[in-house]
Amino acid sequence: ALFSTSSSAMAPTNIKNITVFGSGLMGAGIVQVAAQNAFNVTMVDLNPAALQKGQDIITSSLKRVAKKQFPEDAEKQKEFIDQTMSRVKTSTDSEAASKDADLIIEAIVENLKTKQQLFAMLDKVAPEHTLFCSNTSSLPIADIAKATKRTDRFGGLHFFNPVPQMKLVEVIRTDATSQDSFDSLMDVCNRMKKTPVSCKDTPGFIVNRLLVPYMMESLRIVERGEATPQDVDVAMKLGAGFPMGPFELADFVGLDTMQYIVDGWRKEGKIDANLVAPVKLLDDLVAQGNFGRKSGQGFYSYSGVGGKK
Ligand code: 3HC
């Protein structure tokens, strides 16, 4: 007992194999960063077309990273990309893909029922020691975790877009998350060369709790006719040092995603209702199918490869 540093006898899980569910922008980014840092990764999605898209996201991002790491050395760049990709497997078979996982990270559609169904199934087929994590940005981790019998081995790992570039990961512990599980998650982030911060299971954790109300107030400034989106963006970039203004960021995150987060929080009722009051400007754009970068039109127009017109 003299040398014991933990109340539990079990040492933190030594994570080698990671399985990521979801091959969209976030899932693919997480797979990439894990593979770049020597983890064996399996990327899972519903069909081969989705997996192909995920692989394309990874390869094009890896090319950028490789060019930066080995400028002027095409051979080293190729070697780095090949080595990283050799650690990435893909699968449409959720059960088989979970058999060897030490850590499962979920980055599928932002829907509580769908996430609960996935985890309830995984709880039955994944090894006992496997840690479960969600990359949700707006749903309570405890609500997802309660679909399983391993709430002590369940937490949140919240990455930021673009995952290969953004240094932060929010590590979310619920009241049930064990110290060992939490320690393992912090360790994984460090091994992925990210900077983890510890968060409680509250709406938006730290970053989105501050960012989303700020973005909503930016919309209200424009709706009240006090400034244009362009001027607000210039103001926040040059006056506050943000890399993107709030309207550029809204287009980048997706206006539908923003609306989904705000509507969810309003219904949940845990944070000040004024902060998440609906804004017609946002609701109208979403109703018109203008979701930002991904649809080609939001507050700004985007052409071809995602450049602003
Ligand atoms: N893969 C790899 N590297 C990438 C990348 C990608 N997909 N996207 C950008 N990068 C790298 C570039 O290679 C470049 O690296 P370098 O500076 O070391 O040479 C660096 O990022 C900057 O990229 P660019 O020069 O092409 O472009 P910018 O300087 O305009 O930066 C940006 C782009 C990194 C996206 C920057 O504008 C930014 O940080 N924006 C804010 C992003 C942000 O706030 N994200 C959080 C959103 S909220 C969220 O994700 C939570 C969710 O739950 C809603």
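Where does Ser137 sit, between which strand and which helix? Ser137 is in the loop that runs between β5 (131–134) and α6 (141–145). Keep in mind that this is a predicted model. Here's a quick tour of the annotated positions, the surroundings of the ligand and the nonpolar cores.

**Annotated positions**

- An unreviewed UniProt entry lists Ser61, Lys68 and Ser137 under "binding site". These residues span 77 residues in sequence, and the farthest two C-alpha atoms are 29.5 Å apart, so they don't all gather at one spot.
- Lys68 belongs to helix α2 (residues 48–69). Lys68 counts as exposed because just 9 other C-beta atoms lie within 10 Å, and the cut-off for exposed is 12 or fewer.
- Ser137, on the other hand, is buried, with 23 other C-beta atoms within 10 Å; the bar for buried is 20 or more.
- If you skip its neighbours within four places in sequence, Ser137 is in contact with His158, Asn208 and Ile261.

**Around the ligand**

- There are 16 residues around the ligand, and Ser61, Ser137, Pro162, Pro164 and Pro243 come nearest.
- Two elements, α2 and α10 (246–253), give two or more residues to this shell.
- Helix α2 supplies the largest share, with four residues.
- Sorted by class, the shell holds nine nonpolar, five polar and two charged residues.
- Both domains chip in: domain 1 (17–200) and domain 2 (209–304) each provide at least three residues of the shell.

**A look at Pro243**

- Pro243 is in the loop between α9 (229–240) and α10.
- How buried or exposed is Pro243? Pro243 is exposed, since it has 8 other C-beta atoms within 10 Å and 12 or fewer is enough for that label.
- Pro243 and Asp233 are ten residues apart in sequence, and their C-alpha atoms are 9.7 Å apart in space.

**Nonpolar cores**

- As a rule of thumb, nonpolar side chains tend to be buried together in soluble globular proteins.
- In this model, the largest nonpolar core has 51 residues, and the members that touch the most others are Val20, Ile30, Val31, Ala34, Val41, Ile104 and Ile105.
- Helix α1 (residues 25–36) gives this core its largest share, seven residues.
- A second, separate core has 22 residues, including Val212, Leu219, Ala250 and Leu255.
- Back to Ile104: leaving out neighbours within four places in sequence, Ile104 is in contact with Thr19, Phe21, Ser98, Leu122, Ala126, Thr130, Phe132 and Cys133.

Conventions:
Residues are numbered from 1 along each chain as its sequence is written. This is a predicted model: local features need pLDDT of at least 70, side-chain atom pairs count only at pLDDT 80 or more; totals for chains, interfaces and linings use all residues. UniProt positions are given in the numbering used here, feature names are shortened, and annotations may be inferred rather than shown by experiment. Two residues are in contact if their C-beta atoms, placed from the backbone, lie within 7 Å. A residue is near a molecule or strand if its C-beta atom, placed from the backbone, lies within 6 Å of it. Ala, Val, Leu, Ile, Met, Phe, Trp, Tyr, Cys and Pro count as nonpolar, Asp, Glu, Lys and Arg as charged, and the others, Gly among them, as polar. Domain bounds come from an automatic or database domain assignment. A nonpolar core is a set of buried Ala, Val, Leu, Ile, Met, Phe, Trp, Tyr and Cys residues joined through C-beta atoms within 7 Å.
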